[in-house]
Structure formats: C-alpha cells, structure tokens
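Open your viewer and get ready to click along. We will go from stop to stop, selecting a few residues each time and looking at what surrounds them.

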Amino acid sequence: MFSPVSLKKLDLTYSKKVIKIHKSDLQYTILTLKYINLYCNHLDGDTMVKLNEEMKTAFSKVKIFPVATASKEGIPNVVPIGFCQLVDDETIWISDNFMSKSLANLEENPNVAIYVWGPDTGGCFQIKGKAEIISSGEKFEKMKAIVNAAKPGLPAKNLIEVSISDVFQCAPGPNAGKKLL
Ligand SMILES: Cc1cc2nc3c(=O)[nH]c(=O)nc-3n(C[C@H](O)[C@H](O)[C@H](O)COP(=O)(O)O)c2cc1C
C-alpha cells in the first residue's frame, strides 16, 4: 500500500524493466481516469438529471404511464401504471401492486423507460432511469400510506424508485428522439 499524497516517485517492475512514474504523471492519469469514469457513467445513465418546470407540469397531467422494463437478455415488457409520481425533480416513485414480469425484469435489470404523454401534456417526452426495489423502511412506508389513502386494499408490495438519468424528445418532428437532458 502507498499513500498517493506522500508519493513522489513509484518504481514498477514490468517485464524485468524498471519504470519510473512521477507524481505529476500519476495525478494526470488519475484525473484522466476520473473523467473517463464520469463519461462512462453518463453513457450508462448513472448520472441523475432534473426535470424542468414544463416537464413536471406535463408529468402531473398524465393519469396512466407506460412503464417499460427489460430482462437481462433484453426482452422488453411494457405495462400501464397508475401509481407513478414525481417525488422530486429527479426521482419517480412507482407502486408495485401487481407487477410480475416487470418486477422479475427489475430484479435483474434496473433500466426503466417511461414516456410522458396525454391529451393535456402539450408535448411528449421520454424518461430513462434506473430503478431500485424498496420493500421496507421509511420511504416504503410513506409510499404505502399514499397508495392506501388513495385506494385502500391495494397491496403496495414494493416501492420502485426510479432515478432519472436521461430525457428525450418524443413529440413528432425534426427533434424527435433528441436528447433533452
Ligand atoms: C389502468 C391501469 C393502471 C395500473 N396501475 C398499476 C400500478 O399502479 N401498479 C401496478 O403494480 N400495476 C398496475 N397495473 C397493472 C399492470 O399494468 C400489469 O398488469 C402488471 O404489472 C402485471 O404485468 P407484468 O407481468 O408485465 O408486470 C395497472 C393496470 C392498468 C390497466
């Protein structure tokens, strides 16, 4: 083990040759790797994005959301979901009441896609994100209380928390499919 802070020079033996690495080279390499990591996370959809006011208003006008998941082999599945709400600008809560294939997919592949469209949305956009299945704790109990208050008797088996990573234009026209956030 070594401390990168105190390290001035690192000697590595590779193919019987001694390679001398200076601290400044190491710092540059670490910085480059950090940027590569950030970029890869972005491509993977690991970085969260915040919906703007227009998008949040459109979201609030939708009653039933098409929620798409996929198995780890990429077999798609889409279902209509009523209990789908924004809890903040970058997070969606879905109540798993009756999910079967969707839940099985999420257990092996966290990727989710949802489009936001309805007669009153004034446009259409597509959300991509990563889901976490939460079946106990404060957030879960909060979601269960919301569901029970709205429709007593619904099972609210799991809270599906979706962290929004990308937003795309979905309305028809020259910008259809373009990345918005
Ligand atoms: C209008 C409508 C709203 C629905 N809302 C929900 C919901 O909020 N939560 C849920 O788990 N299932 C809901 N469902 C049921 C799912 O669409 C679906 O039947 C369920 O996830 C099982 O399908 P799967 O095996 O593909 O997951 C709803 C169905 C309809 C028709």
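**Stop 1: helix 2**

Select residues 53–60, which form helix 2, and colour Met55, Ala58 and Phe59: these are its buried residues. Turn the view until you look down the axis of helix 2; the buried residues fall within an arc of 100 degrees, so they line one face of the helix. Which exposed residues does the face turned away from the buried side carry? Add Glu53, Glu54 and Ser60 to your selection to see them. Now show what covers the buried residues of helix 2: the cover includes strand 5 (84–88), strand 7 (111–116), strand 8 (125–134) and strand 9. Keep in mind as you click that this is a predicted model.

**Stop 2: helix 3**

Next, select helix 3, residues 101–108. Its buried residues are Ser102, Asn105 and Leu106. They cover an arc of only 95 degrees around the axis, which puts them on the same side of helix 3. For the cover over these buried residues, look at strand 3, strand 4, strand 8 and strand 9, which are included in it.

**Stop 3: around the ligand**

Select the ligand and show the residues around it. How many residues surround the ligand? There are 15, and the closest are Val79, Phe83, Ser100, Lys101 and Ser102. Two or more residues each come from strand 4 (76–81), strand 6 (91–96) and helix 3. Strand 4 gives the most, with 4 residues. Try colouring this shell by class: you should find 7 nonpolar, 6 polar and 2 charged residues.

**Stop 4: the largest nonpolar core**

Here is a general idea to carry into this stop: in soluble globular proteins, nonpolar side chains tend to be buried together. The largest nonpolar core in this model has 26 residues. Select Val67, Ile94, Val162, Ile164 and Val167, the ones that touch the most other members. Helix 2, strand 3 (65–70), strand 6, strand 7, strand 8, helix 4 and strand 9 each give two or more residues to this core. Which element provides the largest share? That is strand 9, with 5 residues.

Zoom in on Val167. Leaving out residues up to four places away in sequence, Val167 touches Val49, Leu51, Met55, Phe125, Gln126, Ile127, Leu180 and Leu181. You may recognise Met55 as one of the buried residues of helix 2.

**Stop 5: two cysteines**

Click on Cys84, which sits in strand 5. Is Cys84 buried or exposed? It has 21 C-beta neighbours inside 10 Å, so Cys84 counts as buried. Not counting neighbours within four places in sequence, Cys84 is in contact with Phe65, Val67, Ile92 and Ile94. Use your distance tool from Cys84 to Ile160: they are 76 residues apart along the chain, while their C-alpha atoms are separated by 9.2 Å.

Then move to Cys124, in the loop between strand 7 and strand 8. Cys124 has 16 other C-beta atoms within 10 Å and is therefore partly exposed. Beyond residues up to four places away in sequence, Cys124 touches Tyr115, Val116, Trp117, Cys170 and Ala171. Met55 is 69 residues from Cys124 in sequence, yet the two are 8.9 Å apart, C-alpha to C-alpha.

**Stop 6: Ala156**

Find the loop between helix 4 (138–150) and strand 9 (158–169), and select Ala156. Its phi is near 40 degrees, a positive value in a residue other than glycine. As a rule, most residues other than glycine have a negative phi. Ala156 is partly exposed, with 19 other C-beta atoms within 10 Å.

**Stop 7: zoom out**

Finally, show the whole protein, with its 4 helices and 9 strands. Trace the chain from the N terminus and you will pass the elements in the order β-β-α-α-β-β-β-β-α-β-β-α-β. Of the 181 residues, 20% are buried. Among contacts between residues at least 6 apart in sequence, 60% join residues at least 24 apart.

To finish, colour by pLDDT. The protein averages 91, and 88% of the residues score at least 70. Where does pLDDT stay under 50? Look at residues 1–6, for which the model has 2 contacts beyond four places in sequence.

Terms used
Residues are numbered from 1 along each chain as its sequence is written. This is a predicted model: local features need pLDDT of at least 70, side-chain atom pairs count only at pLDDT 80 or more; totals for chains, interfaces and linings use all residues. A residue is buried if 20 or more other C-beta atoms lie within 10 Å of its own, exposed if 12 or fewer, and partly exposed in between; C-beta atoms are placed from the backbone. A residue is near a molecule or strand if its C-beta atom, placed from the backbone, lies within 6 Å of it. Ala, Val, Leu, Ile, Met, Phe, Trp, Tyr, Cys and Pro count as nonpolar, Asp, Glu, Lys and Arg as charged, and the others, Gly among them, as polar. The arc is that of the directions from the helix axis to the C-beta atoms. Two residues are in contact if their C-beta atoms, placed from the backbone, lie within 7 Å. A nonpolar core is a set of buried Ala, Val, Leu, Ile, Met, Phe, Trp, Tyr and Cys residues joined through C-beta atoms within 7 Å. pLDDT is the predictor's confidence in each residue, from 0 to 100.
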